[in-house]
Amino acid sequence: MCPADVAAAPGTIFGGCHCGNLRYTFAWPLPEAPTLRVCGCDYCTRHGAAWTSHPEARLNLVVQTPGQLIAYRFGSATADFLACGCCGILTLAACAFEDGERAVVNANTFDSLDAATCPRIATDFDAEANDTAARLARRRRNWSPLARTPR
Ligand SMILES: [Zn+2]
């Protein structure tokens, strides 16, 4: 494999839950692979979730059976942690803004890119626990625009 191949852009990343009920495309815009954020909160630690997003990386989610979609909220209750109600896999977290939803993807659900090859950083958002405005402003800056089918 030549170095140009190694440095090739991931392009559109495909992924989803285990059973296929939740499927997404993630239009990664950068030449380098996404950096994964390993959140240290109780919820993400229990899932082993590794999140990524980019404000220009469009996410398209298709839910085959909308009745089998778990939207779990906790803490500031400003994000829906979207897991499949059939196979149980935590796939995305979505946050609603007045101009649409933004989301982060759990890279462990990538099909077309091996998450083990992506760089990882540890994150801790405890400092935002009492500052929901700061939390929402960060998501607006960093999270990816999300379109869902069905809406
Ligand atoms: Zn599933």
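Reader: What makes strands β6 and β7 a pair, and in which sense do they run?

Author: In this predicted model, strand β6 (residues 69-72) is joined to β7 by four bridges, and the two run antiparallel. Two strands are said to pair if there are at least two bridges between them, so the four bridges between β6 and β7 satisfy that condition. One of the residue partnerships is that of Ala71, whose bridge partner in β7 is Leu82.

Reader: What does β7 pair with besides β6, and how many bridges are there?

Author: β7 also pairs with strand β8 (residues 90-97), again in the antiparallel sense and over four bridges. Here the bridge partner of Ala83 in β8 is Leu90. The hairpin of β7 and β8 has five residues between the strands, and within this hairpin Gly88 takes a positive phi near 85 degrees.

Reader: Why is β7 described as largely enclosed?

Author: Four of the five residues of strand β7 (residues 80-84) are buried, and therefore the strand is largely enclosed by the rest of the structure. For the protein, buried residues make up 31% of the 151 residues.

Reader: How do you know that Gly15 is buried, and what surrounds it?

Author: The cut-off for a buried residue is 20 or more other C-beta atoms within 10 Å; Gly15 has 22, so Gly15 is called buried. Gly15 lies in strand β1 (residues 12-16), and, leaving aside residues up to four places away in sequence, Gly15 touches Tyr24, Phe26, Val105, Thr109, Phe110 and Asp111. The C-alpha atoms of Gly15 and Asn108 are 8.9 Å apart, although 93 residues separate them in sequence.

Reader: Why is Ala33 called buried, given that it is found in a loop?

Author: Ala33 is found in the loop between β2 and β3 (36-39), but the class depends on the count of neighbours, and with 20 other C-beta atoms within 10 Å, Ala33 meets the cut-off of 20 or more and is therefore buried. The C-alpha atoms of Ala33 and Asp114 are separated by 10.0 Å, with their positions 81 residues apart along the chain.

Reader: Which residues touch the most other members of the largest nonpolar core, and which elements give two or more residues to it?

Author: That core has 32 residues, of which Leu59, Leu92, Ala93, Ala103 and Val105 touch the most other members. The elements that give two or more residues to the core are β2 (22-27), β5 (59-63), β7, β8 and β9 (100-106). Leu92 touches Leu61, Leu82, Ala103, Val104, Val105 and Asn106, not counting residues up to four places away in sequence. In soluble globular proteins, nonpolar side chains tend to be buried together.

Reader: What is the overall make-up of the protein, and why is it called as compact as a globular protein of its length?

Author: The protein has three helices and eleven strands, in the order α-β-β-β-α-β-β-β-β-β-β-β-α-β along the sequence. Its radius of gyration is 15 Å, close to the 15 Å that the globule rule gives for 151 residues, so the protein is as compact as a globular protein of that length. Of the contacts between residues at least 6 apart in sequence, 64% join residues at least 24 apart.

Reader: Where does pLDDT stay under 50, and what is its average for the protein?

Author: The average pLDDT is 92, and 93% of the residues score at least 70. Over residues 1-8, however, pLDDT stays under 50, and the model has two contacts beyond four places in sequence for that stretch. Where pLDDT is low, the predicted coordinates should not be read in detail.

How values were computed. Residues are numbered from 1 along each chain as its sequence is written. This is a predicted model: local features need pLDDT of at least 70, side-chain atom pairs count only at pLDDT 80 or more; totals for chains, interfaces and linings use all residues. The radius of gyration is taken over C-alpha atoms; the globule rule is 2.2 Å times the number of residues to the power 0.38. A residue is buried if 20 or more other C-beta atoms lie within 10 Å of its own, exposed if 12 or fewer, and partly exposed in between; C-beta atoms are placed from the backbone. Two residues are in contact if their C-beta atoms, placed from the backbone, lie within 7 Å. A nonpolar core is a set of buried Ala, Val, Leu, Ile, Met, Phe, Trp, Tyr and Cys residues joined through C-beta atoms within 7 Å. pLDDT is the predictor's confidence in each residue, from 0 to 100.
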